Amino acid sequence: METIEEIHVENHDIFKQAGGEVFDVVQPFNEHIDFSKYIASLANRHFAQN
């Protein structure tokens, strides 16, 4: 598992070397309680149907 810092630094260099111009890193959202609740609701709906 890579850290956000590793992804940002290493992949930024690769991206730039390949000719990329704008490199943004989207912060993970799986730490937010709303995301966890959403995933739980998807799982509940899925298992309720089966």
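## A tour of a two-helix chain

Start with the whole chain. It holds 2 helices and 0 strands. Its radius of gyration is 17 Å, well over the 10 Å that the globule rule gives for 50 residues, so the chain is more spread out than a compact globule. Keep in mind that this is a predicted model.

Turn the view along the principal axes. The C-alpha atoms fill a box of roughly 50 × 20 × 20 Å.

Now switch on the surface. The accessible area of the chain is about 4,700 Å². Carbon and sulfur atoms account for 57% of that area. How much of the chain counts as buried? Of the 50 residues, 2%.

Next, select the aromatic rings. A search of the whole structure turns up 1 aromatic pair. The partners are F15 and F23, with ring centres 5.4 Å apart. Their planes meet at 50°, and the pair is classed as tilted. Stay on F15 for a moment. Is F15 buried or partly exposed? Its relative accessibility is 29%, and buried means under 20%, so F15 counts as partly exposed.

Move on to helix α2, residues 33-49. Select I39, which is found in this helix. I39 has 40% relative accessibility, so it counts as partly exposed. Exposed would require over 50%.

Then add Y38 and L42 to the selection. Together with I39, these residues form a nonpolar patch on the surface. What accessible area do Y38, I39 and L42 have together? The three come to about 260 Å².

Note on methods. Residues numbered from 1 in each chain as written. Predicted model: local features only at pLDDT ≥ 70, side-chain atom pairs only at ≥ 80, totals over all residues. Heavy atoms only, no water. Phe/Tyr/Trp six-rings, centres within 6.5 Å; stacked < 30°, edge-to-face > 60°. Buried < 20%, exposed > 50% of the residue type's maximum accessible area, 1.4 Å probe, protein only. Helix = DSSP H or I, 4+ residues; strand = E, 2+ residues; numbered from the N terminus. Rg over C-alpha atoms; globule rule 2.2 N^0.38 Å. Areas by Shrake-Rupley, 256 points an atom, 1.4 Å probe, with all protein chains shown as cover. Patch = residues over 30% accessible without salt bridge, like charges linked within 9 Å, V, L, I, M, F, W, Y side chains within 5 Å. Salt bridge = Lys/Arg side-chain N within 4 Å of Asp/Glu carboxyl O.
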